[in-house]
Amino acid sequence: MIAHKIMIISGIFMCILGLIGNILNICIFTIWSRSKKSSHRHTHSNNRSVNSPLYLFASSIANLIIILYPLLTRIMFDGYQYKITQTNVFILCKLRYYFLHTFYLISLTCICMATFDRYLISSRDVHLRELSPTRHRTIIIILIICTLIGLHNIPLIIFFNLSNNGQCIIYSITYSYYYLYVFRILLQGIIPIIFLSLFGILTFRQLKILAQHSACNHINSDRQLARMLLLISITIIISTIPNCIEQIYDIIMNHTNSKPSSKFFLYHVISSILFYTNPVTSFYIFYISTPNFRTQLRNLITYKKHHDYLINHQIHSTNYNK
């Protein structure tokens, strides 16, 4: 079946790209999120300028986990038609859906927070700029986000189970409505689409106005970071819409008790591929759109090569002296 082949080929390709991209993201955002040593006068503003890289660092870790577990198992299910049994129901059903929705929501929330933080920092209103937290408080906010989402998603482990036809479904009718309407359509669809669209556009407009009145380097850097977030927001919006349509269709099909067609399964595969687009492609969007990101990557690779050369040179010198 063509849908299975599409899932296998595209899924494996996305896994490779996603693993490489998110590992490099983590390395770069680790460097960007460190506190910069500067004079006391600029310490406060610098501590706030690393907020967005901190959020993107957390988002990249969450994306890496999504690729290593939910995406690989999705390839097994839709590509190789691997069946869930009672022996592996906890790993491939309960825990899988918990990891998928927990880390996807963490990644999505961190990107929303990074976009909102850019909006606050770029505002011409002093009171709004003061609302942007310091680096230490940003770390606490990220930990709170992870904890709340992790606790909120515990019912996924409880209510997901194996059906008679080998599908992973929610047996509780009440929670199934919450899962579809609130969880999938609102929290992972409509709310982030509206939030990212609104604050992404507002931030870019504010930075455009600031750039007309100032030629400072930090304004240019802020515009680049805002452009990164705006483009990743567009990717999230594009990848989320087909999944929302599928969820709404699922609700209609549940009421009619009709069997899904092969065309719908093909749409499901395409929708699943698009759903994983954001965790996979974020690095490549950052690289293409942002000169500072490309420069940091080159510096990272150059430093690695220089470091390896020094180690090898020291080893050869030591062996020669012996």
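Reader: How does one describe the packing of α4 and α6?

Author: Two packed helices are described by the angle between their axes and the distance between the axes. In this predicted model, α4 and α6 pack at an angle of about 145°, and their axes are 10 Å apart. The crossing of these two helices is right-handed.

Reader: Which residues make the contact, and of what class are they?

Author: From α4 come Tyr98, Thr102, Leu105, Ile106, Thr109 and Met113, while α6 supplies Ile141, Ile145, Cys146, Ile149 and Gly150. By class, eight residues of this contact are nonpolar and three are polar, with no charged residues.

Reader: May we take one residue of α4 as an example? Is threonine 102 buried or exposed?

Author: Threonine 102, in helix α4, counts as buried because its relative accessibility is 4%, and the cut-off for buried is under 20%. If its neighbours within four places in sequence are left aside, threonine 102 is in contact with Ile149, Gly150 and Asn153.

Reader: How does one test whether the length of α6 agrees with its number of residues?

Author: The expected span is compared with the distance between the ends. Helix α6 comprises the 18 residues 135-152, which at 1.5 Å a residue should span 26 Å; the end C-alpha atoms are 26 Å apart, and so the two agree.

Reader: Which residues of α6 are buried, and where do they lie around the axis?

Author: The general idea concerns the helical repeat. An α-helix has 3.6 residues a turn, so residues three or four places apart point the same way. In α6 the buried residues are Thr138, Ile142, Ile145, Ile149 and Gly150. They cover an arc of only 120° around the axis, and therefore lie on the same side of α6.

Reader: What does the buried side of α6 pack against, and what is carried by the face turned away from it?

Author: The buried residues of α6 pack against α3 (51-79), α4 (89-122) and α7 (154-159). On the face turned away from the buried side are the exposed residues His136, Arg137, Leu143, Leu148 and Leu151.

Reader: How should one read accessibility and contacts together in helix α10, for instance at valine 269 and leucine 274?

Author: Each residue is first placed by its relative accessibility and then by its partners. Valine 269 belongs to helix α10 and is buried, since its relative accessible area is 0%. Beyond its neighbours within four places in sequence, valine 269 is in contact with Ala3, Ile6 and Met7. Leucine 274 also lies in α10, which covers residues 262-275; its relative accessibility of 29% makes it partly exposed. With neighbours within four places again left aside, leucine 274 is in contact with Ser239 and Pro242.

Reader: How far apart in space are residues that are distant in sequence, such as valine 269 and glycine 79?

Author: One compares the separation along the chain with the C-alpha separation. Valine 269 and glycine 79 are 190 residues apart along the chain, and their C-alpha atoms are separated by 9.1 Å. For leucine 68, in helix α3, and leucine 19, the values are 49 residues in sequence and 7.9 Å in space, C-alpha to C-alpha.

Reader: What is the pattern of the whole chain, and what share of its residues is buried?

Author: The protein chain has twelve helices and two strands, in the order α-α-α-α-α-α-α-β-β-α-α-α-α-α. Of its 322 residues, 46% count as buried. Among contacts between residues at least 6 apart in sequence, 79% join residues at least 24 apart.

Technical notes:
Residues numbered from 1 in each chain as written. Predicted model: local features only at pLDDT ≥ 70, side-chain atom pairs only at ≥ 80, totals over all residues. Heavy atoms only, no water. Helix = DSSP H or I, 4+ residues; strand = E, 2+ residues; numbered from the N terminus. Expected span 1.5 Å × (residues − 1). Buried < 20%, exposed > 50% of the residue type's maximum accessible area, 1.4 Å probe, protein only. Arc of directions from axis to C-beta. Contact = heavy atoms within 4.5 Å. Axes fitted to C-alpha atoms, helices over the stretch in contact; angles between N-to-C directions. Left-handed = near helix turned anticlockwise from the far one by under 90°. Nonpolar A, V, L, I, M, F, W, Y, C, P; charged D, E, K, R; others polar.
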